[in-house]
Amino acid sequence: MPIPESWLPALESETTKPYYQQLYQFIGEERRKYKVYPPGPDVFNALRYTPFERVRVVVIGQDPYHDENQAHGLSFSVQPGVPIPPSLGNIYKELQTDVGFRVPNHGCLIPWAEQGVLLLNAVLTVRAHQANSHQGKGWETFTDAVLRTVNAKTSRVVFLLWGSYAQRKAEGIDPTRHTVLKAPHPSPLSASRGFFGCRHFSKTNAALTAAGLPPIDWQLPDL
């Protein structure tokens, strides 16, 4: 699981710490005994598709999707050809009303990641069909280090914190230097309690533009 090059100066020291060594061993054992998602080459896709110097927006998820062919290392995103999950469907609905988004024929968010939207799950692996099965094994410590690294950036970053889990995860973000937008989670259980109507996508672009940074083109092309 090599860390992408642009993130190495900040994160390479994490790999020498005891928690990371234990995590690495745990993941190896899990892969020997069970199916684990996402596949090994995709675990660090959030960091690979969004190099450190390009990060302009952060979306924090919790846990990878745990069914066949869904997870590919980006929070809320699924691989092409996989049905759009309910939370992502609600994200698309809010995009429609907020910025006139046209819903694409897929749920693959790579075009966002390539523009500087860091789609970071707190936990980067999961045992097949067992949600949250890799929680508390060390990933949270590693992704905290990722967030500290982003928080240290001198340029403004917009953090989209949907739900209490993401909001707790990002408690160390400095709101005087970065833009922090909070709303309920887009899941069907909570989207109607304030995610719908939050207008986070237009607010993100307004904050980026005000900081002299290019906005995100949220429209996803059909595949």
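This is a short talk on the fold of one protein chain and on three places in its backbone.

Please keep in mind that the model is predicted.

I start with the overall layout. The protein chain has eight helices and six strands. Reading from the N terminus, the order is α-α-β-α-β-α-α-β-β-α-β-α-β-α. The radius of gyration is 17 Å, close to the 17 Å that the globule rule gives for 223 residues, so the chain is as compact as a globular protein of that length. Along its principal axes, the C-alpha trace spans about 45 × 40 × 30 Å.

Next, inside and outside. Of the 223 residues in the protein chain, 53% are buried. The accessible surface comes to about 10000 Å², and carbon and sulfur atoms account for 53% of that surface. What share of the contacts between residues at least 6 apart in sequence joins residues at least 24 apart? The share is 69%.

On charge, there are 22 positive and 19 negative side chains in the protein chain. The centres of these two sets lie 4 Å apart.

Now the annotation. An unreviewed UniProt entry places the feature "domain: Uracil-DNA glycosylase-like" at residues 48–208. Over residues 48–208, the chain is 31% helix and 14% strand. The C-alpha atoms at the two ends of that stretch are 22 Å apart.

That leaves the backbone details, taken in sequence order. Which two residues does a cis peptide bond join? They are Tyr-37 and Pro-38, and omega is about -10°. Pro-38 sits in the loop that runs between strand 1 (36–37) and helix 3 (45–49).

The second place is Asn-69. Asn-69 is not a glycine, yet its phi is positive, at about 65°. You will find Asn-69 in the loop between strand 2 (57–61) and helix 4 (86–99). Is Asn-69 buried or partly exposed? Its relative accessible area is 46%, so Asn-69 counts as partly exposed, the range for that label being from 20% to 50%.

The third place is His-129, another residue other than glycine with a positive phi, here near 65°. The loop holding His-129 lies between strand 4 (126–127) and helix 6 (139–151). With a relative accessible area of 52%, His-129 is exposed, since that label applies over 50%.

To go back over the three places: Pro-38 follows a cis peptide bond, Asn-69 has a positive phi and is partly exposed, and His-129 has a positive phi and is exposed. That is the end of the talk.

Key:
Residues numbered from 1 in each chain as written. Predicted model: local features only at pLDDT ≥ 70, side-chain atom pairs only at ≥ 80, totals over all residues. Heavy atoms only, no water. Helix = DSSP H or I, 4+ residues; strand = E, 2+ residues; numbered from the N terminus. Rg over C-alpha atoms; globule rule 2.2 N^0.38 Å. Buried < 20%, exposed > 50% of the residue type's maximum accessible area, 1.4 Å probe, protein only. Contact = heavy atoms within 4.5 Å. Areas by Shrake-Rupley, 256 points an atom, 1.4 Å probe, with all protein chains shown as cover. Lys, Arg positive; Asp, Glu negative; His and termini not counted. Charge placed at Lys NZ, Arg CZ, Asp CG, Glu CD. UniProt positions renumbered as here; feature names shortened; annotations may be inferred.
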